Protein chains: 2
Amino acid sequence: MRNKIKPSILPGFMELNPKEQLIFNDIVNKITKVYERNGCLPIDTPIIEKEEILLAKSAGETEKQIYSIAREDKKQALRFDLTVPFARYVVQHMNDLVFPFKRYQLGKVYRGERNQKGRYREFYQLDVDIVSINKLDIRNDALVISLAAQAFDSIGLNQYTFQISNRKILSGVLSTLEIDNKQEVMSIIDKYDKIGKDKCLELIEQAIGRENSSYIIKLLGLAGSNLEIIEQLRAFNQRLQEEFNINSGKEELNIGVFELLEGINEIEEVIKTLSILGVSDKNYKIDLKIIRGLDYYTGTIFETVINDNEKYGSICSGGRYDNLAELYTDTKIPGVGISIGITRLFFVLKEIGFLEKYKNSSGVDYLIVALGETLVQCVEINKKLQANRFKTEIYLNGGTLKKQLVYADAQGIPKVIIIGENEINEGVVVVKDMLTGEQCKVCIADI
Amino acid sequence: MRNKIKPSILPGFMELNPKEQLIFNDIVNKITKVYERNGCLPIDTPIIEKEEILLAKSAGETEKQIYSIAREDKKQALRFDLTVPFARYVVQHMNDLVFPFKRYQLGKVYRGERNQKGRYREFYQLDVDIVSINKLDIRNDALVISLAAQAFDSIGLNQYTFQISNRKILSGVLSTLEIDNKQEVMSIIDKYDKIGKDKCLELIEQAIGRENSSYIIKLLGLAGSNLEIIEQLRAFNQRLQEEFNINSGKEELNIGVFELLEGINEIEEVIKTLSILGVSDKNYKIDLKIIRGLDYYTGTIFETVINDNEKYGSICSGGRYDNLAELYTDTKIPGVGISIGITRLFFVLKEIGFLEKYKNSSGVDYLIVALGETLVQCVEINKKLQANRFKTEIYLNGGTLKKQLVYADAQGIPKVIIIGENEINEGVVVVKDMLTGEQCKVCIADI
């Protein structure tokens, strides 16, 4: 006897048992239906892409995490998100598309992250993106968020918060302050939740000095309702203009304040449109600490946490990217997208006990058992039941009636139809209720 | 301006435009529903597996085609089918499964094949497998074929033929002939369609000599209806026994004839059960030239061609594997599976013009257009329509009414609801039929 291999998968990969998988698929199906109902079209792209496409816009972190393929012919790797390939798809298939183009896509993506609980190296994303030629109305940023809200509602999840920001706000302030190392400040703020408020403010002060940092600290400290924050942002902008004497003629100042103002106007429009689109205002909150690691965002950005479970991080993120297609074309193709990390979401929902009460569409309704040579009749009855939209199966592995009832019980099949030779002659079958144990004879004609 | 990258994918990968993708997804959904209706449970496994698991049972060809991952931590690669990972899954999750375990699985698999039309390096398989502990009734071999038949029926495809064989037949004959290089003979027969009958028979004669080859030629030449072929097989077996004086006491002979007889009995049972299960007998045919390249099959094997389009090869294949779990466990876990190569199938259906007349579930029913500040009312009406299961979208990218009608037309949306400020005051909206161009006012209350 040869040595046995231990059956196992690689660390960082999720694999479910069939009962969990049923729930997982039900979640995916419900969300997909929301997207279809709202006119999103499906696409599918290869999991393997040319490296030059995957890495064109990425910083070092992505490159370190990438899964490269060891084939000699071409530099190729596994995609790390669905957005970068989507931008490539849009330009490549431009002539087949109608703009604005709304697409949804479900697919696995790969990141060689450090192995830790709840972080997966292979995970599903379920994305919606809207792109258009030249101009994409800001209200689409609210639309994608509202689609995600409908998605969560469809699976019965309502304790979540979209945390919304706009890159132009922080960027505009930093430009006004004439700060060059914007990226450094942003990556410090990106770690706010991890390192805590005090440490974060300390690092910002180190990076850009006490005076400059006071503005950033003020900005991050804005609080209140969404509309109150917008009001405070306008006041903040006003004061900034005054203090920096914006009519001094210095171009950076004008550009910075213009960008800040654009950011404020955009976030206001997003917030107002969310309300019009029917998203409950308890489900979204302006949060200027949101940064988003991926470099390609240019305006609105958002993440989503499950309330009181912020420690699990974002289950759904995205934002506006106005320049992602510039790699391929001079045509402007602005876009906005939202991505639900389905694998992560499933993990979190399991951890917080949400799945225990999750009601998914049921499994098999009837198990059909042949006693003696009655397979022909079993098939007939099976056909009838399926024509009436029941899920059924015929037990085809022999053995005693008892063994077959044990199977029904273990599978959670509620009813068993027993078709014996004697009964067939009488024109009846026996229907057994697995829950109560009761059984009764039913005329074949009545099924 | 930096240099542009040409947006493109790697050769050997399929990517569809959204209209094609809608059909592709509709095909997948319909087949999936067939499997669910018949009690198959979904599973999903990682696309990346440990190489030791993927390559444990494979011959050199698989190894050459495999996509290895260039990461240092572990030897890992992309799966080349769903069956090998499934065997691993079954043993690993044995305690969570109820046997017989019927599973379906949709997933991408990877084979670095030579690049040619209709051959894909990344392609979807949609598999059903049934496994059990110790014993799996031969009628399950017919069941998986009948599920594939229902799958094809569900998409309106009925001009196809399952070509069915059983490895024990040829193997039993070769054992009786005391031929050691079985594998060589099988790979010659495997090329029958490619090299033609004469060349094939010539090569067999070269491999095992004129006298021995006469038996194989006879076997491959059996013709007639399925039941006639089975009769001829029994006669063939009878003569073989006589000619080789089976009571000579030579063990190979007994083993060979026993195997042959088992093969004949099994194929007979499969054929009979297919009929009972309601598969039309014009859709299946015993074909002893079917070999199947993958090494793990042990009994029933089958391929499927679309009638009059045999040149495209098999769109759906599978068979019985009694020993695939032996890598991991001493417990016997016999199984039988069938795999529809969805990507290949889609390619062939497109080539033969089947997709042109394919009716898939429709897209968006209504485009809702706001004229002026009526987004609030648009959202209300949108909600009503969606509650009544219509697919709808609100146009959110501004521009003239004409531009929005052009969008509806290009997307093939049959009706547009135009919601203007004046109409709102009258309590009506305008509904425009994009096909006839007619438009009429409808009371909002009546929608």
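Student: Over how many bridges do strand 11 and strand 13 of chain A pair?
Tutor: In this predicted model, local features need pLDDT of at least 70 and side-chain atom pairs pLDDT 80 or more, while totals for chains, interfaces and linings use all residues. Residues are numbered from 1 along each chain as written, chains are lettered from A and ligands numbered from 1 in written order, and side-chain values use heavy atoms, without hydrogens or water. Strand 11 (residues 366-371) and strand 13 (residues 415-420) of chain A, both DSSP runs numbered from the N terminus (strands: E, at least two residues; helices: H or I, at least four), pair in the parallel sense. Pairing needs at least two DSSP bridges, and here the count is six.

Student: Which residue of strand 13 of chain A is the bridge partner of Ala370(A)?
Tutor: Strand 13 of chain A runs parallel to strand 11 of chain A. The partner of Ala370(A) there is Ile419(A).

Student: Which residue of strand 12 of chain A is the bridge partner of Tyr366(A)?
Tutor: Strand 11 of chain A also pairs in the parallel sense with strand 12 (residues 392-394) of chain A, over three bridges. In strand 12 of chain A, the partner of Tyr366(A) is Thr392(A).

Student: Through which helix does chain A cross from strand 11 to strand 12?
Tutor: This β-α-β crossover is right-handed (clockwise from first strand over helix to second, with the strands pointing away from the viewer). The helix spans residues 375-387 of chain A and is helix 14.

Student: How is helix 1 of chain A set against helix 5 of chain A: parallel, antiparallel, perpendicular or oblique?
Tutor: Helix 1 (residues 18-37) and helix 5 (residues 139-154) of chain A pack with their axes 8 Å apart, at about 140° (lines fitted to C-alpha atoms over the stretch in contact; angles from 0 to 180 degrees between N-to-C directions). Under 35 degrees counts as roughly parallel, over 145 as roughly antiparallel, 65 to 115 as roughly perpendicular, and the rest as oblique. Helix 1 of chain A is therefore, relative to helix 5 of chain A, oblique.
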